[in-house]
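Biologist: Hello! Could you walk me through this model, with a little reasoning behind each answer?

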Amino acid sequence: MTEAWRPDDDDDQQRRGAAGPVKVRVPAKINLHLGVGPVRPDGYHELTTVYHAISSYDELTARRGDTLTLTMAGEGTGELALDESNLVIRAARALAAYAGVPAHARLHLRKQIPLAGGLAGGSADAAATLVACDTLWGTNLSREELAAIAAGLGSDVPFLLHGGTALGTGRGEAVSPVLARPTTWHWVVAAADGGLSTPAVYRELDRLRAERDAPAPLGSPDSLLAALRQRDPKVLAAALGNDMQIAALSLRPSLAATLAAGEAAGALASIVSGSGPTCVFLAADEGHAGRIAAELASSSVCRTAYPAYGPVPGARVV
Ligand code: ATP
């Protein structure tokens with residue numbers, strides 16, 4: 001797919017691609033295990049993580065257009081630029097450059113995933129854009145090609161193409177599925193007011209570790225992987241872990257009250273999602289998740305709380 005695009009190809013591309021709007025739904029991710037290793041020479045931390053896609057979604061619609069345009073609605077979009085810094089625009093341009101086609105599309109993003117929340121919403125939007133434009137433009141890249149473009153856009157983007165539950169290594173971009181008998185896990189997501197910058201949380205973790213103020217790194221995800229195979233939420237609850245939690249709590253001490261409120265409401269486990277500030281709680285079943293979410297939503301420890309389940313598939317045309 002490296003040949004340059006020629007103007008004559010436009011008609012051909014119109015024939016190959018989708019005529020109508022292409023709508024893609026993409027989930028948020030949480031990390032069941034987030035082990036942060038040392039900083040690598042390239043500035044990234046070495047990660048060992050178990051990603052889990054949950055039923056909290058953004059939606060990206062792509063239509064034919066003469067240029068590349070983006071409109072947005074929903075959660076946090078007032079704070080997001082519509083320019084080349086937006087991950088949606090970056091993803092569309094990266095796909096077009098790789099496939100040798102013009103980056104022409106009218107894109108509309110409907111956001112529900114909290115911004116800068118530790119749920120990888122921006123990465124999810126990039127993954128959704130790759131899938132939507134690949135269909136709209138008829139470029140039909142393989143999963144491997146899309147994953148390679150995704151890795152260039154951000155560490156979490158390959159996982160959001162993939163979905164399910166998967167092991168992430170390297171800086172998180174090397175993803176392999178976790179094989180387990182199908183089990184649905186029930187969660188409660190508690191969104192905070194305002195976000196946390198992921199680089200700032202990494203810096204805080206480095207500082208705490210340098211001052212020997214952080215617990216020992218989690219290391220291997222083996223006990224978490226074994227817990228997933230047991231299909232018992234109480235066993236999974238004991239195996240969840242996040243090295244970034246201490247740093248998120250240090251920057252946002254009020255999260256301690258959110259975590260405690262989830263446990264007081266009966267959650268089997270409370271954990272900060274990724275770099276925070278969103279907190280997630282493991283429930284025994286769907287009804288239990290609904291009750292915990294209702295209790296948290298009516299408290300003052302979070303902006304909003306809602307139940308979700310996982311694993312769910314990654315970015316898909318709907
Ligand atoms: P992660 O867990 O992947 O570090 P996050 O969930 O904490 O990310 P995101 O919502 O993915 O946070 O946003 C991180 C930053 O990415 C935002 O603060 C914003 O500056 C930038 N960004 C660019 N495009 C988007 C987009 N379409 N949606 C959300 N954020 C975007």
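Modeller: Happy to! One definition first: helices and strands here are DSSP runs, a strand having at least two residues, and they are numbered from the N terminus. Please keep in mind that this is a predicted model.

Biologist: Thanks! Between which strands is the loop that holds Pro-277?

Modeller: Pro-277 follows Gly-276, and the peptide bond joining them is cis, with omega of about 5°. Most peptide bonds are trans. The loop with this proline runs between strand S9 (269-272) and strand S10 (279-283).

Biologist: And what is omega for the cis peptide bond that joins Gly-310 and Pro-311?

Modeller: Pro-311 sits in the loop between strand S11 (304-310) and strand S12 (316-317). The bond from Gly-310 to Pro-311 is cis, and its omega is about 0°.

Biologist: Which loop contains Ala-116?

Modeller: Most residues other than glycine have a negative phi. Ala-116 has a positive phi, near 50°. Its loop lies between strand S4 (105-111) and helix H3 (121-136).

Biologist: Now the domains: how far apart are the C-alpha centres of domain 1 and domain 2?

Modeller: The chain divides into domain 1, residues 15-178, and domain 2, residues 185-310. In contact are 29 residues of domain 1 and 36 residues of domain 2. The C-alpha centres of the two domains are separated by 23 Å.

Biologist: What share of the area buried between domain 1 and domain 2 do carbon and sulfur atoms give?

Modeller: The buried area between these domains is about 2,300 Å². The carbon and sulfur share of that area is 61%.

Biologist: Which residues form the salt bridge between domain 1 and domain 2?

Modeller: The count between the domains is one salt bridge. Its closest N and O atoms are 2.6 Å apart, within the 4 Å cut-off. The partners are Arg-303 and Glu-75.

Biologist: Which element gives the largest share of the side of domain 1 that touches domain 2?

Modeller: Across this interface, 15 residue pairs are in polar contact. Strand S1 (22-39), strand S2 (45-63) and strand S5 (165-169) each give two or more residues to the domain 1 side. The largest share, ten residues, belongs to S1.

Biologist: Last one: how much of residues 224-297 is helix?

Modeller: An unreviewed UniProt entry places the feature "domain: GHMP kinase C-terminal" at residues 224-297. The end C-alpha atoms of this span lie 29 Å apart, and 15% of the span is strand. The helix portion is 58%.

Key: Residues numbered from 1 in each chain as written. Predicted model: local features only at pLDDT ≥ 70, side-chain atom pairs only at ≥ 80, totals over all residues. Heavy atoms only, no water. Domains from an automatic or database assignment. Contact = heavy atoms within 4.5 Å. Buried area = accessible area lost by both parts, 1.4 Å probe. Salt bridge = Lys/Arg side-chain N within 4 Å of Asp/Glu carboxyl O. Polar contact = N/O pair within 3.5 Å; in protein donor to acceptor, adjacent residues only side chain to side chain. Helix = DSSP H or I, 4+ residues; strand = E, 2+ residues; numbered from the N terminus. UniProt positions renumbered as here; feature names shortened; annotations may be inferred.
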